Amino acid sequence: MDISSYFAPHGRLRRTHYFAAGFILNVLMSVAQVTENLLIILLSLALLWPLAMIGIQRAHDIGHGMTAPVIGLALAFIGGALREFESTNALGALMLIPALIISLWLLFSKPDPGPNQYGPNPREPELAYNE
């Protein structure tokens, strides 16, 4: 799988690729959140797009559309922003719980066997070339 596929909302993504790419992107975003450099903050905002795309592709792998990953990412982003304000710290933390549940669901759900409406199974690349 080439890196350009992490920037497109179509296709399917294996669990291992979802975990690895998500881990790397989340580490980069965490580093950006502890710094106050404007360039780093802009970088973290730029990382939202590939983070959303890998969530959508993983949802496609288990036969679902893009709604759950987008909602999970929105809740995580809003919850993280709310946690920056002391008066809404608890609300921000509560918003992170459904985002975590969605991420875990995407990580541990078994993929659809064979091709589905979103494309061929990424574990069976030879099928992609035969269709």
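Here is a short, friendly walk through this predicted model, point by point.

1. **The overall plan.** A good place to begin is the list of elements. The chain has six helices and zero strands, and reading from the N terminus the order is α-α-α-α-α-α. Of the 131 residues in the chain, 34% are buried. As for contacts between residues at least 6 apart in sequence, 65% of them join residues at least 24 apart.

2. **The largest nonpolar core.** Next, have a look inside. The largest nonpolar core holds 19 residues, and the ones that touch the most other members are Tyr18, Leu51, Ile54 and Leu106. Three helices each supply at least two residues of this core: H1 (15-34), H3 (48-61) and H5 (89-108). The largest share, seven residues, comes from H3.

3. **Leucine 106, a residue to click on.** Which residues does Leu106 touch, once those up to four places away in sequence are set aside? The list is Tyr18, Gly55, Arg58, Ala59, Ile62 and Pro69. Tyr18 also appears beside Leu106 among the core members with the most such neighbours, and Ile62 comes back in point 6.

4. **H4 against H5.** Two packed helices are described by the angle between their axes and the distance between the axes. For H4 (residues 67-82) and H5, the axes come within 7 Å and cross at roughly 150 degrees. An angle over 145 degrees counts as roughly antiparallel, and so H4 is roughly antiparallel to H5. The crossing of this pair is left-handed. On the H4 side, the residues that meet H5 include Ala68, Pro69, Gly72, Leu75 and Ala76; on the H5 side, Leu91, Met95, Ile102, Trp105 and Leu106 are among them. Sorted by class, the contact of H4 with H5 has 14 nonpolar, five polar and no charged residues.

5. **H3 against H4.** H4 also packs against H3. Here the axes come within 9 Å and cross at roughly 145 degrees, and the crossing of H3 with H4 is right-handed. H3 brings Leu48, Leu51, Ala52, Gly55, Ile56 and Ala59 to the contact, while H4 brings Pro69, Val70, Leu73 and Phe77. By class, this contact of H3 with H4 has nine nonpolar, one polar and no charged residues. Pro69 of H4 is worth finding on screen: it is listed in the contact with H3 and also in the contact with H5.

6. **Isoleucine 62, in a loop.** Is isoleucine 62 buried or exposed? Isoleucine 62 lies in the loop between H3 and H4, and it counts as buried because its relative accessibility is 9%, with buried meaning under 20%. Leaving aside neighbours within four places in sequence, isoleucine 62 is in contact with Trp105, Leu106, Ser109, Lys110, Pro111 and Asp112. From isoleucine 62 to serine 109 the C-alpha separation is 6.8 Å, although they are 47 residues apart in sequence.

7. **Leucine 94, on a helix.** To finish, try leucine 94, found in helix H5. Leucine 94 counts as exposed because its relative accessibility is 56%, and the cut-off for exposed is over 50%. Its C-alpha atom is separated by 9.4 Å from that of leucine 75, with the two positions 19 residues apart along the chain numbering. Leucine 75 itself is one of the H4 residues that meet H5.

Definitions and conventions
Residues are numbered from 1 along each chain as its sequence is written. This is a predicted model: local features need pLDDT of at least 70, side-chain atom pairs count only at pLDDT 80 or more; totals for chains, interfaces and linings use all residues. Side-chain values use heavy atoms; hydrogens and water are left out. A nonpolar core is a set of buried Ala, Val, Leu, Ile, Met, Phe, Trp, Tyr and Cys residues joined through side-chain atoms within 4.5 Å. Buried means under 20% relative accessible area, exposed over 50%, partly exposed in between (1.4 Å probe, protein chains only). Helices (H or I, at least four residues) and strands (E, at least two) are DSSP runs, numbered from the N terminus. Contact means heavy atoms within 4.5 Å. Axes are lines fitted to C-alpha atoms, for helices over the stretch in contact, and angles run from 0 to 180 degrees between N-to-C directions. Angles under 35 degrees count as roughly parallel, over 145 as roughly antiparallel, 65 to 115 as roughly perpendicular and the rest as oblique. A crossing is left-handed if the near helix is turned anticlockwise from the far one by less than a right angle, and right-handed if clockwise. Ala, Val, Leu, Ile, Met, Phe, Trp, Tyr, Cys and Pro count as nonpolar, Asp, Glu, Lys and Arg as charged, and the others, Gly among them, as polar.
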